Amino acid sequence: MSPPTPRRRRALPVLTAALAALLCGLAPPAAAADDGPPDWTARPAGGTDRDARPYVYLEGTPGTVLQDRLTVTNSGRAPLTVRLRGDGRAGGWIRFAEDTVTVPARTRADVPLALTVPQDAVPGDTSGEAVATGGGEEIRVPVRVRTVGPSLAALGVEDVEVSGGTIRYALVNRGNAMLRPRLAVHAEGVFGTLLDRPERPLPLELAPGRRVERTEPWPDAPALDTVTVRLRVTASGGARDEAEASATYVPVVPAVGGGLLVLGGLAALASGAYRRRRTGRAGPQPPPDARPAVQPEPPEQAGPPEQAQLPVATEPLLKAGAKT
């Protein structure tokens, strides 16, 4: 039997490809891909998709119940079940008419909500969110609440301490308004002013009831002195407070000779402070008259010259031990 010709060898791959194509054509079509998550939205009620409100805005006094609606739109081809809840500070004040809502296909549902402003809410703005979850997606709608009422600005500075090159203090917002404090620092030593920083804004916002501990650097604090540091804080709305603290700076020196030096320095500081206080309280006194008092000569007595009394010396008496 003779070997196959080259033509027959080339025909085998062509027949194999044709058979594979035939088998693929006879195979059943693949199952259609499942639809993606439902097409739906959640937003504040009112208006259209183009001019919809960007967030829920409510305003009232403490204790007021405020009402609004959240619109859930299902644009898909199957019903959609959505769970509703509040998040954040203002979100915790929200209660929905229904926590779970099923929206039919091609349908929109308006869900009522009620927001109760707490009795102890302070005047000002509070934020939160209304959260809708369904179809594997989550949509957050911003909520803004303004609490109406009188505003009270009260700011305090306390717990002032001076240690080395650091001044420590605490700020407390005792009112119901947001504050942006400003700070001025003044330090007085025995011989005069050591530090005088004008009022400047601090990089913080102090919420009502908040307490913040801060430090103020003093890199050029004295090595030997007794100082009094005074802090003054202010804020808009007339908030103002002052506090002070004292400290004694003593240099680190050897125990024996240095101790005497330190004691001498402290004594000099105390003496300087005492002299300064005395100078400020009493004015200069005129010097006493240094001229000696002259006593008048007694009158001459009649009689013989030998019985006449000797004249009384009119020169002042010399102090004991003085040279004549």
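1. Let's start with Arg 43, which sits in strand E1 (residues 40–44). Arg 43 has a relative accessibility of 12%, so it counts as buried, the cut-off being under 20%. Keep in mind that this is a predicted model. What does the side chain of Arg 43 have beside it? One of its polar atoms lies 3.3 Å from the backbone oxygen of Gly 46.

2. Arg 43 turns up again in the surroundings of Leu 70, a residue of strand E3 (residues 65–74). Leu 70 is buried, because its relative accessible area is 1% and the limit is under 20%. Leaving out residues up to four places away in sequence, Leu 70 touches Arg 43, Pro 44 and Ala 45, along with Leu 84 and Phe 96. Its list of contacts also takes in Ala 109, Asp 110, Val 111, Leu 113, Ala 130 and Val 141. For Ala 109 there is a distance to look up: its C-alpha is 8.2 Å from that of Leu 70, though 39 residues separate the two along the chain.

3. Now have a look at Leu 194, in strand E13 (residues 192–201). Is Leu 194 buried, exposed or partly exposed? With a relative accessible area of 33%, Leu 194 is partly exposed, because that value falls between the 20% and 50% limits. Not counting neighbours within four places in sequence, Leu 194 is in contact with Ala 187, Glu 188 and Gly 189, and also with Trp 218, Pro 222, Asp 225 and Val 227. Another pair to check is Leu 194 and Thr 228: their C-alpha atoms are 9.5 Å apart, with their positions 34 residues apart in sequence.

4. On to strand pairing, with E9 (residues 137–147) as the one to follow. Strand E2 (residues 56–60) pairs with E9 in the parallel sense, over five bridges. Within that, Leu 58 has Val 145 as its bridge partner in E9. E8 also pairs with E9, but here the sense is antiparallel and there are 11 bridges. Asp 125 is bridged to Arg 146 of E9. How many residues lie between E8 and E9 in their hairpin? There are two, and Gly 135 in the turn has a positive phi of about 60°.

5. Positive phi deserves a point of its own. Most residues other than glycine have a negative phi. Two places to inspect are Arg 106 and Asp 159. Arg 106 is not a glycine, yet its phi is positive, at about 55°. You'll find Arg 106 in the loop between strand E6 (100–103) and strand E7 (107–116). Arg 106 counts as exposed, since its relative accessibility is 61% and the cut-off is over 50%. Asp 159 likewise isn't glycine, and its phi is positive and near 55°. Asp 159, though, is found in a strand, E10 (residues 155–163).

6. Last, the second largest pocket, which has a volume of about 180 Å³. Its lining is made up of 13 residues, and Val 122, Pro 123, Gly 124, Asp 125 and Pro 208 are the ones nearest its centre. Which strand gives the largest share of this lining? That is E8 (residues 124–134), with three residues. Asp 125, met above as the bridge partner of Arg 146, is among the residues nearest the centre. By type, the lining splits into seven nonpolar, four polar and two charged residues.

Conventions: Residues are numbered from 1 along each chain as its sequence is written. This is a predicted model: local features need pLDDT of at least 70, side-chain atom pairs count only at pLDDT 80 or more; totals for chains, interfaces and linings use all residues. Side-chain values use heavy atoms; hydrogens and water are left out. On a 1 Å grid over the protein atoms alone, a cavity is a set of points where a 1.4 Å probe fits but cannot get out, and a pocket is an open set with protein on both sides within 12 Å along at least five of seven lines; lining residues have an atom within 4 Å of a point. Grid points are joined across faces, edges and corners, and a volume is the space filled by probe spheres set on the points. Helices (H or I, at least four residues) and strands (E, at least two) are DSSP runs, numbered from the N terminus. Ala, Val, Leu, Ile, Met, Phe, Trp, Tyr, Cys and Pro count as nonpolar, Asp, Glu, Lys and Arg as charged, and the others, Gly among them, as polar. Two strands pair if DSSP finds at least two bridges between them. Buried means under 20% relative accessible area, exposed over 50%, partly exposed in between (1.4 Å probe, protein chains only). A polar contact is a pair of N or O atoms within 3.5 Å; within protein, one must be able to donate a hydrogen and the other to accept it, and residues adjacent in sequence count only if both atoms are side-chain atoms. Contact means heavy atoms within 4.5 Å.
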